[in-house]
Amino acid sequence: MKQNRKLVLEDGTFFVGEAIGSDVDQSGEVVFNTGMTGYQEIITDPSYCGQIVTFTYPMIGNYGFNRDDYETVKPSIHGVVVKEANEYPSNFRNEETLHEFLSAHGIPGIQGVDTRKLTKHIRKEGSMKGAFTSVEEPIEAVVARLRDTSFSRNVVARVSTIKPYVVPGRGHRVVLVDFGMKHGILREFTKRHCHVTVVPYNTSAEEIRRLNPDGVLLSNGPGDPKDVQEAIEMVRTILEEYPTFGICLGHQLIALACGANTEKMKFGHRGSNHPVKHIESGSVYMTSQNHGYAVVESSLSHTQLEVTQYALNDGTVEGLAHLVYPCFSAQYHPESAPGPEDSNELFDEFIEMMEEAKGREKVLCQNVQI
Ligand SMILES: NC(=O)CC[C@H](N)C(=O)O
């Protein structure tokens, strides 16, 4: 393997390896994902906007990239770090290699890195900034540059849709607020015949009201939830008016809108086998996760939210429900893509919630007629 690219971390730790993908010296927050499969979905998940993802599974690219598994058409990840990038994918759906895919989308990568060492370092020291550079560039210069770089606070705006669009269906009318939506979420709604209107992240409560939805879905998305202030305002209003379901960033926005707090985690949860316990049933579900922030449990005591699910690995909050309004959320990805589909039923719960709300409306109308 060639030694023609370096990954330098903010604390001066560096890894030398072979350049793959695009030839750009990009920087980002270095995080790790432990999934054994699903690299295409991970690389195309907009929640990774601005991040450099280290894959702990040692060979990436072995089944190639195909036309079906995109989570968004235009990836916004800032780089990938792998132990070995497979050059000869073998799969009937394969269309291009990891290297070809990354090159086509301007994403840099590196192979030949001891990803186990890098992951252990991040676990110990926490996720941190990193940059790809040439092997010649002095470490001190890169570190100084990284210290001066601050992450963009505008990542949601980069990945959200600019204009609303409709994915027609004959079922419930859902307004899906796109903070960096994975296509998997849309797939779950179309599977259930919903009529989905996807709207930009900064759509106001008034604009949503004009669409007269049966329910509102707040999608996943990149960055710090506190950076999307206009959405927090909107969520505060809509959750009192419509059945509301929040996924990942959407979950965090519901918490903030209700007066709770969120915090940055040391190294986050990114993988496809995170056990989550549902308090009411006692059941444990394997979940697909990708988040670096979490809801602060102690901040929930003065809100109208209750914890419905916990992460079994570290006890962090994984699910919330509103005590008054039909509103609930999950910190993980019930749409999977990639990962287990155990929690798919949350979409059915949301459909039931919309049905119940419609039923209540009908009774109210009948009473008025009498
Ligand atoms: N997948 C997501 O929606 C991630 C939410 C948020 N950006 C976080 O890292 O916690």
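Okay, let's start with one small detail: His193, just after helix 6, takes a positive phi of about 60°. Helices here are DSSP runs of H or I with at least four residues, strands are E runs with at least two, and both are numbered from the N terminus. Before I go on, this is a predicted model, so local features need pLDDT of at least 70, side-chain atom pairs count only at pLDDT 80 or more, and totals for chains, interfaces and linings use all residues. Residue numbers run from 1 along each chain as its sequence is written.

Back to helix 6, residues 183-191. Its buried residues are Gly184, Ile185, Leu186, Glu188 and Phe189. Buried means that 20 or more other C-beta atoms lie within 10 Å of the residue's own; exposed means 12 or fewer, partly exposed is in between, and the C-beta atoms are placed from the backbone.

Now the overall layout. The protein is divided into domain 1 (5-148) and domain 2 (155-362), with bounds from an automatic or database domain assignment. Their C-alpha centres lie 28 Å apart. How do they touch? Well, 23 residues of domain 1 are in contact with 22 residues of domain 2, where contact means C-beta atoms, placed from the backbone, within 7 Å. On the domain 1 side, strand 3 (27-33), helix 1 (39-43) and helix 3 (115-125) each give two or more residues. Strand 3 has the largest share there, three residues.

Helix 3 also holds Glu125. That residue has 14 C-beta neighbours inside 10 Å, so it counts as partly exposed. Glu125 and Lys266 are 141 residues apart in sequence, but 7.8 Å apart in space, C-alpha to C-alpha.

Next, the core. The largest nonpolar core has 94 residues, and Val80, Leu176, Val177, Val235, Leu253 and Ile254 have the most contacts inside it. Both domains give residues to this core, so it lies between them. A nonpolar core here is a set of buried Ala, Val, Leu, Ile, Met, Phe, Trp, Tyr and Cys residues joined through C-beta atoms within 7 Å. In soluble globular proteins, nonpolar side chains tend to be buried together. Take Leu253: leaving out residues up to four places away in sequence, Leu253 touches Leu218, Pro225, Val228, Ala231, Ile232, Val235 and Gly246.

On to a pair of strands. Strand 15 (residues 262-278) and strand 16 run antiparallel, joined by ten bridges; pairing needs at least two DSSP bridges. Lys264 stands opposite Tyr293 in strand 16. The two strands form a hairpin with five residues between them, and Gly282 in the turn has a positive phi of about 80°. Ten of the twelve residues of strand 16 are buried, so the rest of the structure largely encloses it.

Last stop: which residues does the UniProt annotation "binding site" cover? The unreviewed entry lists Ser47, Gly221, Gly223, Leu249, Gln252, Asn290, Gly292 and Tyr293. They span 247 residues in sequence, yet no two of their C-alpha atoms are more than 13.3 Å apart, so they gather at one spot. UniProt positions use the numbering used here, feature names are shortened, and annotations may be inferred rather than shown by experiment.

Let's look at two of them. Asn290 sits in strand 16 (residues 284-295) and is buried, with 29 C-beta neighbours inside 10 Å. Beyond four places in sequence, Asn290 is in contact with Asp45, Ser47, Arg270 and His333. Gly223 is in the loop between strand 13 (215-218) and helix 8 (229-238), and with 26 such neighbours inside 10 Å, Gly223 is buried too.

Terms used: Contact = placed C-beta atoms within 7 Å.
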